[in-house]
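Please open the model in your viewer and keep the sequence panel beside it, since the tour moves between selections by residue number.

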Amino acid sequence: MDTKMLNPADYVGVSFWIISAAMVAATFFFWVERDRAHGKWKTSLTVAAMVTGIAAIHYFYMREVWAMTGESPTVFRYVDWLLTVPLQIIEFFLILSAIAVVKASLFWRLLAGSLVMLIAGYLGEVEQGSWLWPMFIIGMAGWLYIIYEIFVGEASKISANSGTVASKKAFNALRLIVTVGWSIYPLGYLLGYIGAASPDTLNLVYNLADFVNKIAFGVVIWAAATSSDANESVA
Ligand SMILES: *C/C=C(C)/C=C/C=C(C)/C=C/C1=C(C)CCCC1(C)C
């Protein structure tokens, strides 16, 4: 029988393995550290653990798909993103509402921007060929819209008088992740499909991006939640 195990020389496969382990460890960490947080910060840490926990399950399976077929686990990648990106938008909104008066409609607009980004990206990756560029451009528009909202639009109007130091720090750090950290994904798409069209590069860059954007995202929240000024007032 032709059984296939993860080949230790397959560095992309090994990156799937490492990230699976990191996601599990991060989930456990955020879960346990929740005890040290107060008030609303507990919910923020729960959401951080949900994000890495959902990703861990997908990484176990994606690693198998990669090891057995050598193909990109596109469907599971996007199912994971479709679950975890909205959770991160919720997380962002939770922190934002602690420091500014924001309408619920802002949440729906951020969610809509992320759905446009993900659906376009999925269609581009599945159809490929002549779909690659148009879907990339639509996906970029969704992401740039989110950036616009958080730097120029309603989400940027943080009141100086409301919120704690910790929540403001967390908001600024998350904003940086959505801008700089998230830029690794479109870079992966470009490197993976345009030009060289290499599934190795695509998966390696996406794996790195998930490591940064799911784990560092949680760590930022954890740092704010457990800092000494997190419970100055309503966090
Ligand atoms: C945990 C998973 C996260 C934070 C996934 C984020 C995904 C993106 C920011 C994807 C962005 C893309 C574009 C901006 C253009 C089109 C291609 C995508 C979907 C890779």
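## Starting at the ligand

Begin by selecting the ligand together with helix α3, which contributes the most to the shell around the ligand, with 5 residues. Bear in mind throughout that this is a predicted model.

Now widen the selection to the whole shell, which holds 18 residues, and pick out Thr84, Gln88, Met117, Tyr185 and Lys214, the ones that come nearest to the ligand. If you switch on a surface here, note that the ligand taken alone exposes 530 Å², and that the protein buries 100% of that area. Colouring by element shows where the shell comes from: two or more residues are given by each of α3 (74-99), α4 (104-127), α5 (132-151), α7 (184-193) and α8 (199-225). Colouring by residue class instead divides the shell into 12 nonpolar, 4 polar and 2 charged residues. Should you display cavities, the ligand is to be found in the largest cavity.

## The nonpolar core

Which residues of the largest nonpolar core touch the most other members? Select Trp41 and Trp182, which hold that place among the 65 residues of this core. Extending the selection to the elements that supply at least two residues of the core brings in α1 (11-33), α2 (40-69), α3, α4, α5, α6 (165-181), α7 and α8. Of these, α8 is the one to highlight, as it gives the most to this core, with 10 residues.

## Two buried positions in helices

Move next to Met62, which has its place in helix α2. Is Met62 buried or exposed? Its relative accessible area is 0%, so Met62 is buried. Then add Pro73 to the selection and draw a distance between the two C-alpha atoms: although Met62 and Pro73 are 11 residues apart along the chain, these atoms are separated by 5.6 Å.

For another position within a helix, select Ala120, which is found in α4. Ala120 has a relative accessibility of 3% and therefore counts as buried, the cut-off being under 20%. A distance drawn from Ala120 to Ser198, 78 residues apart along the chain, gives a C-alpha separation of 20 Å.

## Through the loops

Turn now to the loop between α3 and α4, where Val102 is found. Because its relative accessibility is 17%, Val102 falls under the 20% cut-off and counts as buried. Adding Ile158 to the view, you can draw a C-alpha separation of 9.1 Å between Val102 and Ile158, which lie 56 residues apart along the chain.

Go on to the loop between α4 and α5, and select Gln128 there. What is particular about the backbone of Gln128? This residue has a positive phi of about 50 degrees although it is not a glycine. With a relative accessible area of 35%, Gln128 is partly exposed.

The last selection is Ser162, placed in the loop between α5 and α6. Ser162 counts as partly exposed, because its 25% relative accessibility lies between the cut-offs of 20% and 50%. Show Ala100 along with Ser162 to finish: the two are 62 residues apart along the chain, and their C-alpha atoms are separated by 6.5 Å.

Notes. Residues numbered from 1 in each chain as written. Predicted model: local features only at pLDDT ≥ 70, side-chain atom pairs only at ≥ 80, totals over all residues. Heavy atoms only, no water. Near = heavy atom within 4 Å. Areas by Shrake-Rupley, 256 points an atom, 1.4 Å probe, with all protein chains shown as cover. 1 Å grid on protein atoms, 1.4 Å probe; cavity = no way out; pocket = protein on both sides within 12 Å on 5 of 7 lines; lining within 4 Å. Sits in = over half its atoms within 2 Å of the grid points. Helix = DSSP H or I, 4+ residues; strand = E, 2+ residues; numbered from the N terminus. Nonpolar A, V, L, I, M, F, W, Y, C, P; charged D, E, K, R; others polar. Core = buried A, V, L, I, M, F, W, Y, C linked by side-chain atoms within 4.5 Å. Buried < 20%, exposed > 50% of the residue type's maximum accessible area, 1.4 Å probe, protein only.
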